Amino acid sequence: MRADVVTMVGGLNDALRPRCDLGRVRDRLEEAVERLAPSCRRLVLMRSPGRRGPVMERFRPRMEALFEHIDGLAARHGALVVDLYGAEALGDQRMWDVDRLHLTAEGHRRVAEAVWQGLGLAPEDDWRSPLPPSVPLGWTARRTADVRFAREHLAPWIGRRLTGRSSGDGLRPKRPELLAWDADASARDGSHAPGLS
């Protein structure tokens, strides 16, 4: 379809799995980049953001190896790399949803702004700016949130890993047919990406 811009984020969830075949992840990313780069005007790859904390520290070497591979792919195929990984603001836990794996609406808005600016377009704001200071939660509130997270997100995730299922199994695609992007239709159904429309 000769898209003007294609953004691709991939591999991080795989890198966070206990048994990760990083060689296979790198091969899949390379295959995707080799197919996408010649078929669009501009390919944008990303060094994904991550929440600060012990999980991030445990998997940091694996993530950095993945990002080094992404940098190499970008250099070979003329792609732009947007570095979200080192952004302090995106490490703030308030940028992450209750599942602790996906960004909030504000996190997504900042990623869109980072891509926008990476493409050389005029900034709407500073996507790296820190959130205002907040009052830290007390011990009881943190433990309550941890228990809720474990029950609603961690236990089901473990169950899916053990049974070989994905959270997307059985879901129908939002856009089952590959069609050109229609700005008017996207504005009507609310499916456009803020900052990138």
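Start by selecting D92 in this predicted model: D92 is buried, with a relative accessible area of 12%. Now add R94 to the selection. The two side chains meet in a salt bridge, with N and O 2.8 Å apart. Since buried means under 20% relative accessible area and partly exposed lies between that and 50%, the two partners fall into separate classes: D92 is buried at 12%, while R94 counts as partly exposed at 37%.

**Next, select R100 and D146.** Here is another salt bridge, and its closest N and O atoms are 2.8 Å apart. What does this pair tie together? R100 sits in the loop between helix 4 (88-91) and helix 5 (105-118), and D146 belongs to helix 6 (residues 139-163), so the bridge links parts that are 46 residues apart in sequence. R100 is partly exposed, at 26% relative accessibility, and D146 is also partly exposed, with a relative accessible area of 26%.

**Keep D146 and add R143.** These side chains form a salt bridge too, at 2.9 Å from N to O. Both residues lie in helix 6, three residues apart, which is about one turn of the helix. R143 counts as partly exposed, with 29% relative accessibility.

**Then move to E106, R109, R110 and D125.** Select these four together: salt bridges with shared partners join them into one network. How many salt bridges does a search of the whole structure find? The total is twelve.

**Now turn to the nonpolar core.** Nonpolar side chains tend to be buried together in soluble globular proteins. The largest nonpolar core here has 22 residues, and the members that touch the most others are L29, L43, L45, M63, L66 and F67. Try showing those six as sticks. Then colour the elements that give two or more residues to this core: strand 1 (3-8), helix 1 (12-15), helix 2, strand 2 (40-47) and helix 3 (54-77). Which element gives the most? That is helix 3, with eight residues.

**Finish on the surface.** Select D21, D27, E31 and E34, and you will have a negative surface patch in view. To place one of its members, look for E31 in helix 2 (residues 22-36). E31 is partly exposed, with a relative accessible area of 42%. Helix 2 is worth a second look from this side, as it is also among the elements that give two or more residues to the largest nonpolar core.

Notes. Residues numbered from 1 in each chain as written. Predicted model: local features only at pLDDT ≥ 70, side-chain atom pairs only at ≥ 80, totals over all residues. Heavy atoms only, no water. Patch = residues over 30% accessible without salt bridge, like charges linked within 9 Å, V, L, I, M, F, W, Y side chains within 5 Å. Areas by Shrake-Rupley, 256 points an atom, 1.4 Å probe, with all protein chains shown as cover. Lys, Arg positive; Asp, Glu negative; His and termini not counted. Charge placed at Lys NZ, Arg CZ, Asp CG, Glu CD. Helix = DSSP H or I, 4+ residues; strand = E, 2+ residues; numbered from the N terminus. Buried < 20%, exposed > 50% of the residue type's maximum accessible area, 1.4 Å probe, protein only. Core = buried A, V, L, I, M, F, W, Y, C linked by side-chain atoms within 4.5 Å.
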